[in-house]
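Grab a pencil and have the viewer open. Below are some exercises, each with a solution that goes step by step.

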Amino acid sequence: MRIVLTDPILTRFTDELTHGGADGHDWDFLADRSDADVARHLSTADVLVASRLDAALAGTAGRLRLAHVTGAGYDRIAVDALPPGASVCNTFHHGPSIAEHVVMTTLMLSRRVPRVDRLMREGTWESVAVDPGVALGATLTGRTVGVVGLGETGGQVVRAMTALGMRARAVRRDPNAPVPGDLRLDRVDGEDGLDDLLAGSDVVVLTVPLTAATTGMIGPARLSLMGPHALLINVARGPLVQEDALFDALAGRRIGGAGLDVWWSHPKDGAGTRGYTRPFHTLDNVVMTPHHSGHTRETFANRAHEIADNIGRLAKGEPLTNVVREGRRTAGP
C-alpha cells in the first residue's frame with residue numbers, strides 16, 4: 001500500500017511505523033512539504049497518517065482507504081471532505097504521561113514552587129526556617145481530587161492521584177457506565193454533579209473534550225464554588241474555562257492556583273500567538289506549560305505501534321481499532 005505521513009512528530013518514529021522497513025509498504029514522509037506536493041502524493045495514497053487535514057487536501061485523496069489521526073482528537077481533520085470509502089481512526093496512549101504531569105503540577109502548586117523558584121533565582125531565600133510567617137505547603141494525602149471526565153486520561157489521573165493517598169471523585173456524561181475495577185473512586189456523578197464536585201474538591205482536573213456544551217463550562221459562578229486553597233488543573237482544552245474569570249480568580253487569590261497546559265489559542269493560529277490575552281505570566285500561583293503534558297517518547301512510540309498495527313489490519317482485511325468513522329464500501333458491478 002501507498003502511505004502518506006505528514007505529522008512531524010510521528011516522523012521521528014519511522015522504525016516503529018514501518019517495523020524497521022520490513023512492512024513492505026511504500027511510505028512517503030512529507031512533514032516538511034508544501035500542500036501542493038502533499039496533494040500530488042495523496043491522489044494515489046491508500047493511507048494518510050496526519051494530525052491535520054483541511055478540506056481542500058482531503059478532496060485530493062480520491063482513493064484513500066484510511067485516514068489515521070496521530071492522536072485522540074480528530075477535530076482538525078476534514079472528515080466530511082474525505083471520500084466515503086475512507087475510514088477514520090484515532091489513537092491514544094497519552095493518559096499515563098498526562099497523569100504524571102497532573103501530579104507534578106499539583107505538587108508544584110501545593111509546595112509553592114513557582115514562587116520560591118523565582119525568588120531563589122533573584123537571590124531571596126523564602127522559607128519558614130528564616131521567616132516564621134511564610135505559609136507552609138501541604139501534602140496530598142487525605143485531600144480530594146475531582147476529575148471532570150473519566151476517559152483514558154481521567155482514569156489515569158485517578159490512578160496516579162489515589163496512589164499518593166488522595167481521595168477521588170468524578171463527573172462524567174454517563175455516570176452509570178462501567179468503571180474499571182482498579183479505580184478507587186468515592187463517587188461518580190453525572191454532569192449535574194459538577195457544581196458539587198467543584199465545591200468539594202481540593203484539586204479539580206479537567207479532562208473532557210471541547211464541545212459546544214463544554215465550551216466556557218468553568219466561569220465566574222463555578223470558580224466561586226471552589227475553595228481559596230483549591231487548585232484547577234486543565235490538561236484538556238483551554239476554552240473549557242473562561243479566560244477573564246480564571247485570571248481574576250487567580251489574581252484575587254479566590255482560588256489557590258492553576259496548572260495550565262492548554263490555552264485559548266495556539267502559535268499555529270498565527271505568528272506570535274502565545275495562547276492567552278491576560279497576563280498569567282505575572283502570577284506566582286500558576287504553572288504554565290505549552291500543551292506538552294502528553295509529549296513523552298512512550299506516548300508517541302505506542303501511538304506509532306498502534307498505527308502500524310491498524311495499517312497491517314487494513315492490508316489483511318481485518319477490522320480496524322479505534323474507528324471514529326467507518327468507511328462505506330460501494331457495491332461492485
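## Exercise 1: A strand with company

Strand E6 covers residues 144-148, and all five of its five residues are buried, so E6 is largely enclosed by the rest of the structure. Buried here means under 20% relative accessible area, while exposed means over 50% and partly exposed lies in between (1.4 Å probe, protein chains only). Helices (H or I, at least four residues) and strands (E, at least two) are DSSP runs, numbered from the N terminus.

Before you start, a word on ground rules: this is a predicted model, where local features need pLDDT of at least 70 and side-chain atom pairs count only at pLDDT 80 or more, while totals for chains, interfaces and linings use all residues. Residues are numbered from 1 along each chain as its sequence is written, and side-chain values use heavy atoms, with hydrogens and water left out.

**Task.** Work out which residues of E6 point which way, and find the strands that E6 pairs with.

**Solution.**
1. Sort the side chains. Thr144, Gly146 and Val148 point one way, Val145 and Val147 point the other way, and all are buried.
2. Look for a neighbour. E6 runs parallel to strand E7 (residues 167-171), with five bridges between them. Two strands count as paired if DSSP finds at least two bridges between them.
3. Pin that pairing down: opposite threonine 144 you'll find arginine 167 in E7.
4. Trace the connection. E6, helix H6 (residues 152-162) and E7 form a right-handed β-α-β unit. Right-handed means that, with the strands pointing away from the viewer, the path from the first strand over the helix to the second runs clockwise.
5. Now take strand E9 (residues 203-206), which pairs with E6 in the parallel sense over four bridges. Valine 148 has leucine 206 of E9 as its bridge partner.
6. Check one residue of E9: valine 204 sits in this strand. With 0% relative accessibility, valine 204 counts as buried. Its C-alpha atom is separated by 5.8 Å from that of valine 145, although the two are 59 residues apart along the chain.

## Exercise 2: Another covered strand

**Task.** Are the residues on the two faces of strand E3 (residues 47-50) buried or exposed, and which strands pair with E3?

**Solution.**
1. Take the faces in turn: Val47 and Val49 lie on one side, Leu48 and Ala50 on the other, and all are buried.
2. Strand E1 (residues 2-5) runs parallel to E3 and is joined to it by three bridges. Isoleucine 3 stands opposite valine 47.
3. Strand E4 (residues 66-69) also pairs with E3 in the parallel sense, over four bridges. Here valine 49 has histidine 68 as its bridge partner.

## Exercise 3: Into the core

**Task.** Which members of the largest nonpolar core touch the most other members, and which element gives the largest share?

**Solution.**
1. Get the term straight: a nonpolar core is a set of buried Ala, Val, Leu, Ile, Met, Phe, Trp, Tyr and Cys residues joined through side-chain atoms within 4.5 Å.
2. The largest one has 30 residues, and Val148, Leu223, Leu246 and Phe280 touch the most other members.
3. Helix H7 (194-200), E9, helix H9 (243-251) and strand E11 (257-260) each give two or more residues to this core. H9 gives the largest share, with five residues.
4. Zoom in on H9, where phenylalanine 247 lies. At 8% relative accessibility, phenylalanine 247 counts as buried. Between phenylalanine 247 and valine 286 there are 9.9 Å in space, C-alpha to C-alpha, and 39 residues in sequence.

## Exercise 4: Two unusual angles

**Task.** Where do histidine 93 and arginine 112 sit, and what is the phi of each?

**Solution.**
1. Keep the background in mind: most residues other than glycine have a negative phi.
2. Histidine 93 is in the loop between strand E5 (87-89) and helix H4. Its phi is near 75 degrees, a positive value in a residue other than glycine. At 28% relative accessibility, histidine 93 counts as partly exposed.
3. Arginine 112 is in the loop between H4 and H5. Its phi is positive too, about 60 degrees, although arginine 112 is not a glycine. At 21% relative accessibility, arginine 112 counts as partly exposed.
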